[in-house]
Amino acid sequence: MSIDRAICKKVQQRWADLGMQGSAPEALQFLKVPGKLSNTGAVVAMVFNASTQKPIAVAKIPRTPSVTTGIVREQKAMEIVKRDTALWGGAKHIPVNSFIDEICGAQVLFQQAGKGHALVREMVGRENEEQIYEQILPWLLAFHNQTSTNVSLDEENLRRLVSDPIEQFLALTKDVDGITVPESVKQYLQQLSSLVEGKELKLCAQHGDFNAHNIVCTAIESGSMDFTVIDWEDHREAQLPIHDLNHFFISNSKLLDINSTASEAFSKHIIGAGWYQDLYATAVAKYEAAGIIDSETFYRLTPIYFCEYALRLMDEHRQQGGTINVWVDRLIQYIETFPLLPR
């Protein structure tokens, strides 16, 4: 039996494990998503109801059957998210049902599919952007509150969350050709631990890749929308509450200027004053009002986000090491010129 037919049959057999009600459709269709490769190094495919053409499941198939670390990590993440959000109303926006099963000698990850289309299609201008952020960001704030723990940045927390990623980043950039970190940036990073030591904040679970490509939406009445947040493979527990919010604004800034480079869009919309930077500052202020993290500490710690993302690109499964210069450039711009960063 071919792998596509075997995957469709497995979806029918384990229909209930995907959180589906009733009986499985008699006919399913398999579609490999062109050019789509999971961060775990797996090929991504969709399974559709053949009669309605609605997506039912996502299958992630490791390119090398003997290497399943990535999908096992992602499936475990889904179990943790499901556990931590079981009693939260906002969990309806997370398709958490999943399982791993063997197909044609490979361990395949099956997940419940989100409904609709990628949010990136809606990011077409200021008016749409502001309306979308008004709907998405309150959910993200509530998710972080749902999974939060009060801590003080001292000793182990300070080392794990601040000192270690900085040390790893500085060591990494020494070995990457064509990348130079200015002394002023190194000095900021090296003194950051002392600037935030003893700060009180909440550690939160993080999606890890929270951007428009990983939010699937459908339009509903009154101009609002329903959405699901997919691709939780980079989920981590008990992290600084800076990663998802920064990633949402910074990664999506490129969508505002599709003819600009990532660094140019970052410079214009995050570094440069204007409506988008105002949205960003307002979102950070809401995290402070919610008691998660004060704005000054958020901005001081944001360089950790750039450092960790650069480190993540070197993961052997991602094959994205060639883009590390983009993240280093953003880090340099942020530390040297971001107007809201306390000096």
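**Getting to know the strands**

Student: Is strand 5 (residues 106-112) mostly covered or mostly open, and how many of its 7 residues are buried?
Tutor: Keep in mind that this is a predicted model. A residue counts as buried if its relative accessible area is under 20%. Strand 5 comes out mostly covered, and the number of its 7 residues that are buried is 5.

Student: Which residue does the side chain of Gln111 join in a polar contact?
Tutor: Start with where we are: Gln111 is found in strand 5. The relative accessibility of Gln111 is 6%, so Gln111 counts as buried. Setting aside neighbours within four places in sequence, Gln111 is in contact with several residues, among them Leu18, Ile56, Val58, Met78 and Asn97. The polar contact between side chains spans 2.9 Å, and the partner of Gln111 is Glu74.

Student: How many bridges does strand 4 (residues 98-103) have with strand 5?
Tutor: Strand pairing in general goes through backbone hydrogen bonds, either parallel or antiparallel. Here strand 4 and strand 5 pair in the antiparallel sense, and Asp101 stands opposite Val108 in strand 5. The number of bridges between strand 4 and strand 5 is 6.

Student: And on which residue of strand 5 does Lys60 find its bridge partner?
Tutor: Look at strand 3 (residues 55-62), which runs antiparallel to strand 5 and is joined to it by 4 bridges. For Lys60, the bridge partner in strand 5 is Leu109.

Student: Which residue in the turn of the hairpin of strand 4 and strand 5 has a positive phi?
Tutor: The hairpin leaves 2 residues between strand 4 and strand 5. One residue in that loop has phi near 50 degrees, a positive value in a residue other than glycine. The residue you want is Cys104.

Student: Does Cys104 count as buried or exposed?
Tutor: The cut-off for exposed is over 50% relative accessible area. Cys104 has a relative accessibility of 54%, so Cys104 counts as exposed.

Student: What is the order of the open sheet that holds strand 11?
Tutor: This sheet has 3 strands with antiparallel pairing. Its edge strands, each pairing on one side only, are strand 7 (149-152) and strand 11 (236-239). Neighbouring strands are turned by 30 degrees against each other on average, direction ignored. The order of the sheet is 7-8-11.

Student: Which residue stands opposite Gln206 in strand 11?
Tutor: Strand 8 (residues 200-206) and strand 11 run antiparallel, joined by 2 bridges. Across from Gln206, in strand 11, stands Arg236.

Student: What is the relative accessible area of Ala238?
Tutor: Ala238 is placed in strand 11. Its phi is positive, about 50 degrees, although Ala238 is not a glycine. Partly exposed lies in between the buried and exposed cut-offs. Ala238 is partly exposed, with a relative accessible area of 34%.

Student: Why is one side of strand 6 (117-118) and of strand 10 (225-229) left without a neighbour in the sheet?
Tutor: These strands belong to an open sheet of 3 strands in the order 6-9-10, with antiparallel pairing. Strand 6 and strand 10 stand at the edges, so what leaves one side of each without a neighbour is having a single partner strand.

Student: Which residue of strand 9 stands opposite Ala118?
Tutor: Strand 6 and strand 9 (residues 215-219) run antiparallel and are joined by 2 bridges. Opposite Ala118, in strand 9, stands Val216.

Student: At about what angle does helix 3 (residues 126-146) run to strand 10?
Tutor: Helix 3 lies across strand 9 and strand 10. Its angle to strand 10 is about 45 degrees.

Student: Zooming out, what radius of gyration does the protein chain have?
Tutor: The protein chain contains 10 helices and 11 strands. Its C-alpha atoms fill a box of roughly 65 × 50 × 40 Å along the principal axes. For 343 residues a compact globule would have a radius of gyration near 20 Å, and the chain agrees with that at 21 Å.

Student: What percentage of the 343 residues in the protein chain is buried?
Tutor: Of the contacts with a separation of 6 or more, 68% are between residues 24 or more positions apart. The accessible surface comes to about 15,600 Å², with 48% of it belonging to carbon and sulfur atoms. As for the residues, the buried share is 54%.

Technical notes: Residues numbered from 1 in each chain as written. Predicted model: local features only at pLDDT ≥ 70, side-chain atom pairs only at ≥ 80, totals over all residues. Heavy atoms only, no water. Pairing = 2+ DSSP bridges. Axes fitted to C-alpha atoms, helices over the stretch in contact; angles between N-to-C directions. Buried < 20%, exposed > 50% of the residue type's maximum accessible area, 1.4 Å probe, protein only. Contact = heavy atoms within 4.5 Å. Rg over C-alpha atoms; globule rule 2.2 N^0.38 Å. Areas by Shrake-Rupley, 256 points an atom, 1.4 Å probe, with all protein chains shown as cover. Polar contact = N/O pair within 3.5 Å; in protein donor to acceptor, adjacent residues only side chain to side chain.
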